[in-house]
Structures are given as C-alpha cells and as structure tokens.
Amino acid sequence: MDLKESILELIRRASTDLSPDVVEAITEAHENEEKGTPAKGVFDTILKNVDMARKQSTPICQDTGSLIFYVDIPEKSSEFEIKDAIREAAIEATEKQYLRPNAVDPVTSKNSGNNIGENAPYIHFHQWKNDEIRIRVMLKGGGSENVGAQYKLPFPKLKAGRDLKGVRKVLIDAIINAQGLGCAPGTLGIGIGGDRITSYMLSKEQFFRKIGSKNENKELAELEASLKDELNELGIGPMGFGGKTTVLDVFIGSQARHPATFFVSLSYMCWAFRRKSMIISKEGVKYD
Ligand code: SF4
C-alpha cells in the first residue's frame, strides 16, 4: 500500500464526490421546493453540478477549501511518516487540479501555490486503541468558514443565559447574521463547553456525523431537531434566495466547561459539504 497514493485518492474523492448522505439531503430539499421557484432552480443547479463533478472527477466548487485532516493512529505508528505523506499528496492533488492553491502566508500575502504552508494542511493527530489507521479529511471553504461564530454565555444582548435555551438563542442569531453568506443550505457543527479553542474544535468535528444521525444525548437530540425546524422556518433558503431549506442538519457536541465560562461555537458548512474518511488495515484501504 502506497500511503501517499491512498491519501491522494482520499483528497480526490473529497473534492469531486459529495457523500451519499449529503446528496440525499440536497435531493430531498430539491423535492420539497415548489416548481418554478428560485429555490428549486438553485437546487437543480447544485445537483447537476454535483453529478458533473463526480462523472468528470473535477472539483465540486471552485473553492476547494482548506485541507483539515483528523488522523487516528495506533500506539506504534509514526506521525512524521503520515504527515509527510499528507503533504506530498496535497502537492500532487494541487498539480492534478483536485485542489485550488489555498495556502497564503498571512505576513507576506504570498500564496505558496501548492497548498503547503506553515501548519498547512492542518492535521490533528489522535492516538487510539485500534490496530488500524483512520484518516479523515474535510475541505472547508473560505466563505463558509467566515460565517462561523463564537458566543460567550450569558449574552445579555439576546437575553441568552447559561443553559440550552441560551444556546438556542445565540445559534438563531448566528444564522440570521449569516443570511446571504456562506452558500446555504448549511449544516451546523456546534460545540458547547470547553475553552475557546476546544469549543471550536468540537464544533468542526461534528461534520463527520452523517446527515440524519441522532445525537446520543436525548436533550441535545431534541435541541438539534427543534433548531433544524426553527431555522428552516426562517425562509432564507438556498444561497439566500428564499425557500424551505436553510439548513440540512444541526449537530451539537458538548464537553465540560469551567464553572465561570460557557462557550457556544458554531462552524458552518456550506452545501458543498466535503468530507471523506479512509481506514488502513491489514486487509488494505477502505474509503467512506
Ligand atoms: S462557501 Fe462553499 S459552496 Fe460557497 S464558494 Fe465557498 S466552498 Fe464553494
């Protein structure tokens, strides 16, 4: 098994082929809109685009996003080897035009031209007890990333207290602020608790959940379902053209917080919801 080649294929799949759960959710949203409405037209275009990208192996969107990797490794695996393979794969994926060059030095404003830079691609390593290596990648578009937001409860402006009711209030505020931005319909990844950094990290990892999956925590499952309904009643619709679907799903993760803090972090994923994973085991490589 050639690790770099396997990761290159993972990136190709992420950039050119939306996962079945996402396509299914967009198809359902398309079916729900009335004929002749702008929303129906937008979903038509999105679905045609998704189909063409898959058949031609070309990027789903011109912004192929930032590369964010999550790597789970057994005890004796080398982070260095995997990191090198990821960087080599990113360079080749850029040459093959699966990726647009998206790594810019903030000091010089120079684009490296190959998606490699200081801390780019972003890689999160995590050791686990399994024998396999799991590599997950997310391509996070800049427009959708700009829509992310973090709130600190209590948030007096919205009368949002330190409880799940407060969480609901700030999240509705965030989506109202995001209208017309970030290429709706979006999927919301939310992290509650933690410090400022881990709260955002938790919010982003939610995107590896499948659309339609239920939260194991009953209270959070209820909040996810009711928020999804409430946000879809806002009528913002795909690309802000109005319509019945503003969000495809809402995923909430929670973690312990300091007694004096209550952070609510929102990561927003656009309709081009690109994430894929692969497992490397003795049997070979399996993609999802
Ligand atoms: S927000 Fe998403 S769909 Fe919109 S341009 Fe960026 S990557 Fe593409």
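In this predicted model, a good place to begin is the point where helix 6 passes helix 8, for the two helices meet there in a right-handed crossing. Helix 6 covers residues 164-177 and helix 8 covers residues 218-232, and their axes come within 11 Å of each other while crossing at roughly 30 degrees. Because angles under 35 degrees count as roughly parallel, helix 6 is described as roughly parallel to helix 8. On the side of helix 6 the contact is made by L164, R168, L171, I172 and I175, and on the side of helix 8 by E219, L223, L227, E230 and L231. When the residues of this contact are sorted by class, seven are nonpolar and three are charged, while no polar residue takes part.

A second pair of helices can be read in the same way. Helix 1, made of residues 3-16, and helix 4, made of residues 79-95, have axes that come within 8 Å and cross at roughly 50 degrees. Helix 1 and helix 4 are therefore oblique to each other, and their crossing is right-handed. Here L3, K4, I7, L8, I11 and R12 in helix 1 meet A85, I86, E88, A89, A90, E92 and A93 in helix 4. The residues of this contact divide into nine nonpolar and four charged, again with no polar residue.

From the helices we can step back to the chain as a whole. The domain assignment gives domain 1, which is built from the segments 3-13, 60-141 and 274-287, and domain 2, which runs over 143-269. The C-alpha centres of domain 1 and domain 2 lie 26 Å apart, and where the two domains meet, seven residues of domain 1 are in contact with six residues of domain 2. On the side of domain 1 that touches domain 2, the largest share, three residues, comes from strand 3, which spans residues 133-140. By class, that side of domain 1 has two nonpolar residues, one polar residue and four charged ones.

Which residues, then, are found around the ligand? They are C61, D63, G65, G141, G142, G143, S144, G182, C183, C270, W271 and A272. This shell draws at least three residues from each of domain 1 and domain 2, and by class it has five nonpolar, six polar and one charged residues.

Finally, a few places in the backbone deserve a careful look, and each of them lies in a loop. The peptide bond from L153 to P154 is cis, with omega near 0 degrees, and P154 lies in the loop between strand 4, residues 149-152, and helix 6. Another cis peptide bond runs from A184 to P185, this one with omega near 5 degrees, and P185 is found in the loop between helix 6 and strand 5, residues 186-192. Helix 6, with which this account began, therefore has a loop holding P154 on one side and a loop holding P185 on the other, and is also the helix that is roughly parallel to helix 8. The remaining place is N115, where phi is near 70 degrees, a positive value in a residue other than glycine. N115 is found in the loop between helix 4 and strand 2, residues 122-127, and helix 4 is the helix whose residues, A85 and I86 among them, meet those of helix 1.

Key: Residues numbered from 1 in each chain as written. Predicted model: local features only at pLDDT ≥ 70, side-chain atom pairs only at ≥ 80, totals over all residues. Axes fitted to C-alpha atoms, helices over the stretch in contact; angles between N-to-C directions. Helix = DSSP H or I, 4+ residues; strand = E, 2+ residues; numbered from the N terminus. Parallel < 35°, antiparallel > 145°, perpendicular 65-115°, else oblique. Left-handed = near helix turned anticlockwise from the far one by under 90°. Nonpolar A, V, L, I, M, F, W, Y, C, P; charged D, E, K, R; others polar. Near = placed C-beta within 6 Å. Domains from an automatic or database assignment.
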